[in-house]
Structures are given as C-alpha cells and as structure tokens.
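Trainee: I should like to go through the reasoning behind the terms used for this model. May I begin with the strands?

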Amino acid sequence: MWFVLPVGLIATTLAIAPVRFDREKVLRVKPRDEKQANLIKDLAQTNQLDFWYPDAAHHVAPNMTVDFQVSEEESQSIQSALDQNQMHYEILIRNLQEEIEKQFDVKEDIPGRHSYAKYNNWDKIVAWTEKMVHKRPEMVSRIKIGTTVEDNPLYILKVGKKDERRKAIFMDCGIHAREWISPAFCQWFVYQATKTYGKNKIMTKLLDQMNFYVLPVFNVDGYIWSWTQNRMWRKNRSKNQNSKCIGTDLNRNFNVSWNSSPNTENPCKETYRGPAPESEKETKAVTDFIRSHLKFIKAYITIHSYSQMLLVPYGYTTELPPNHKDLAKIAKIGTDALSTRYETHYIYGPIASTIYPTSGSSLDWAYNLGIKHTFAFELRDKGKFGFLLPESQIKPTCKETMIAVKFIAKYILKHVC
C-alpha cells in the first residue's frame, strides 16, 4: 500500500536540523607566560575549541585575552586543566544557545517595514536594496558585481550623485558570516546617508562631492547559513577538494602575503585561506570591482566585530606603511569622535601589533593596490556578548560608528587627491 507524504513533510525530513549550542560555554583566559599560552595551544590540539578572539590557536601569546567556545562535553575537562595549571579564567557565556535566542530582544516596530533596530536575514536585505533604489533613485543605484558559489547575487549600493568620476569610498560588511552587527551597520549607513541628505551639513557635503560604494553583505552564502543552520558559521560555503570541510575564510583569500601565515592551509580551520589567492567567487567579484574603479576609490573601509578597534595596515608584517602617521592620526581622531556619543572606548593601530598578525586580508590588499587610506572597524563589544550582540545595541553601535566613518570621509574629501 502506498502513502503519499505531504510535500512540506518531505522537505522537512530532508532538511538538516540547525545546529544547537545547548550548554556550550565561552571561556576567557589570559595566559601569564609562555607555558600557559602553550597549554591553551595544546588543549586546542586535542579538543574542539572555536576561537572567538584571537581567531586561531597559533596567535595565543602571553598576556593576551583569549576567548573560545567549548562544547558541554569538553568544558569540564578544559576547566579542570585550567584549574590544575592555576590559570585564572572567566565564563563569559554559560549557555550559548540561550544567548543566541536572547539576541532578538527588540520588538518589530511595524510589521512589514524594514527595521534598522533588528538583525535582518538575507531575503529582507535584498528587498531592502530594491526599496532604497526605489525610494531615492537620484541618489542610490544597485550594482550586481557577481554571484556566490550558491548562486546568490552580490549587490553593491552606490550612494551619491550619478557622476562616476568623483572621489569614492568603498565599504564592505559581513565578510565573516557570524558578525551580524556588521551588515546591520551597512544598512544603517545607507539609510542615514540618504535620510539626512539636505538636513545634515556634513552628510550633504559628502554626498554632493563623493560617492560611496557599499557592499551590505560580502559573504552572502555564509550569512544565510548562519541564519538557517549554524549561528556560529564564519567562512563562505565553497566545497574544498579532498576535504569534507566546507568554506574558505574570505578575509584570508586576498592576494597579499597570501600563504605566509601558519595554519591557514587546513580546510577544516576557521582561517582557511582557500586553494589560491582570489580563488573564491566573492573575493574575485570584489577585487575586480575595486580594480576597475581604482582611479576614483580613495579609501577602503571594512566592518567587522568584535573587540572595539580601528585597525590600519599592515597585518602580515610589523613594518609600518609610509603614511602610517597620517593613518594613526585619522584613527585617533576617529576613535575619539566615536567615543563622544556613548563613551565607548576603542583602541587603534596596525593590525599585526594591535590585534594579531594576519595574511591575505582585504585591508592590506587594498592598501598595496594603491588605496592609501584603508581602515578596519571591529565593532562592539569587548566580549560579554562577542558575536551575539543583542539587537538593543544595534542602534547605539551604528550611531557611534557613523560618527567615525563620517569623520574619515570628511578627511578624505578634504586632504586626499
């Protein structure tokens, strides 16, 4: 006898159940010396630790604050090992699943209307890009620069007057899928820029004389996956040859000192660099677009989270770029300005010495290409919520970041030819 299953039921059975993180913890440790730093590295060899800060075990060094996620099963033995070695640790998050659910702490203002106080999934962001063009056609246009491995479109919103031959700033958000506050800022930026044009003196002047190219979500496939399957996903979703592990870290895939970092050649690592520079469709689409507009792009800004930093080149070397003094001055004034709103404290400096050494990053690539003013923001917070910043902090985070971005843009308009 044959039974016909409803289509919906078949679809549900075939779908993979989203990953749950019940009772998983996020621990914070500060190794005092080399011995303690090595202990963390050893634990990472034998346990499934997901490093939140720094992004990989090999960066762990004495006196560095180290945040990592550990499963319920392994947390007992990890905590015992830390206790035995007299390492002080604190539990930042006791139940990761609960924190994931608590992120959505803002009620929908008006159902159906795009909310800038909430995290929006990819479908909502696509609809929003159309809405922005429709609402302000004289100021916003949408450019499709390519597609992802899973055939999702990569959209840039150009904000400014129609003239292509003006100074421009390129800004991207969401290169790492789990950093949700980042795409939230790109949406906020476009919304505020168009809303305050004609009302706010600085914004009006900027948009009268400059263009902004804004990529609201760089890593679309990874972002979708972080919404539907695994909230803590970081990489893109490309398949890797001879490996069951999925994904490349797009911010290790740029053609700048690409293979110089240890431990980026393993496809199962969160910082996997990919099989070759620009091997990923997303990286290639962005680099092609920037190269074709290089004459006009005078600054590059990339938005990440978390740790409250404003970073400048380089990541792959501790050498300072020729215009380091200029970049440091802008970063200092930018972070000072940012703190005026809510007294949020940011530190600033070159990637390698301020956060940790990186290779193949978009920031260094853009700088070496000839864009001499490149900046990476690491938005809120400092680790209490980490990648799970509650929605109630979206607006304050965006408002303070906007102050710094406007300052950078104003500086570029005035001082950069």
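Trainee: What makes both faces of β6 count as covered?

Mentor: This is a predicted model. On one side of β6, Pro153, Tyr155, Leu157 and Val159 are buried, and on the other side Leu154, Ile156 and Lys158 are buried as well. Buried means under 20% relative accessible area, and seven of the seven residues of β6 (153-159) meet that criterion, so the strand is largely enclosed by the rest of the structure.

Trainee: How do you know that β5 and β6 are paired, and in which sense do they run?

Mentor: Two strands pair if at least two bridges are found between them. Seven bridges join β5 (residues 140-147) to β6, and the two run antiparallel. Ile143 stands opposite Ile156 in β6. The hairpin of β5 and β6 has five residues between the strands, and Asp151 takes a positive phi there, near 65 degrees.

Trainee: What makes β8 a partner of β6?

Mentor: The criterion is again at least two bridges. Three bridges link β6 to β8 (residues 210-215), in the antiparallel sense. Tyr213 in β8 is the bridge partner of Lys158.

Trainee: Which residues touch the most other members of the largest nonpolar core?

Mentor: That core has 122 residues, and Phe170, Phe185, Phe189, Phe212 and Phe377 are the ones with the most contacts to other members. Helix α13 (residues 394-415) supplies the largest share of the core, 11 residues. Phe212 illustrates such contacts: beyond its neighbours within four places in sequence, the residues it touches include Leu157, Val159, Phe189, Met203 and Ala409. In soluble globular proteins, nonpolar side chains tend to be buried together.

Trainee: Why is Ile202 called partly exposed?

Mentor: Its relative accessible area is 34%. Buried requires a value under 20% and exposed a value over 50%, so at 34% Ile202 is partly exposed. Ile202 lies in helix α7 (residues 201-209) and touches Lys406 and Lys410, residues up to four places away in sequence not being counted.

Trainee: What makes helix α12 mostly covered?

Mentor: Six of the eight residues of α12 (362-369) are buried, namely Ser362, Leu363, Asp364, Trp365, Ala366 and Tyr367. These buried residues pack against several elements, among them α9 (281-292), α10 (324-342) and β12 (374-379). After α12 comes Gly370, with a positive phi near 130 degrees.

Trainee: Which strands of the sheet β2-β3-β1-β4 are called edge strands, and why?

Mentor: This is an open sheet of four strands with antiparallel pairing, in the order β2-β3-β1-β4. The edge strands are β2 (50-53) and β4 (89-93), each of which pairs on one side only. Within the sheet, β1 (residues 25-29) and β3 (residues 66-70) pair over five bridges, with Lys25 opposite Val70 in β3. Helix α3 (residues 72-84) lies across β1, β3 and β4, at about 20 degrees to β1.

Trainee: How do you know that the radius of gyration of the chain agrees with that of a compact globule?

Mentor: For 417 residues, a compact globule would have a radius of gyration near 22 Å; the chain has 21 Å, so the two agree. The C-alpha trace spans about 70 × 60 × 40 Å along its principal axes, and 60% of the residues count as buried. Among contacts between residues at least 6 apart in sequence, 75% join residues at least 24 apart.

Key
Residues are numbered from 1 along each chain as its sequence is written. This is a predicted model: local features need pLDDT of at least 70, side-chain atom pairs count only at pLDDT 80 or more; totals for chains, interfaces and linings use all residues. Side-chain values use heavy atoms; hydrogens and water are left out. Contact means heavy atoms within 4.5 Å. Axes are lines fitted to C-alpha atoms, for helices over the stretch in contact, and angles run from 0 to 180 degrees between N-to-C directions. Buried means under 20% relative accessible area, exposed over 50%, partly exposed in between (1.4 Å probe, protein chains only). The radius of gyration is taken over C-alpha atoms; the globule rule is 2.2 Å times the number of residues to the power 0.38. A nonpolar core is a set of buried Ala, Val, Leu, Ile, Met, Phe, Trp, Tyr and Cys residues joined through side-chain atoms within 4.5 Å.
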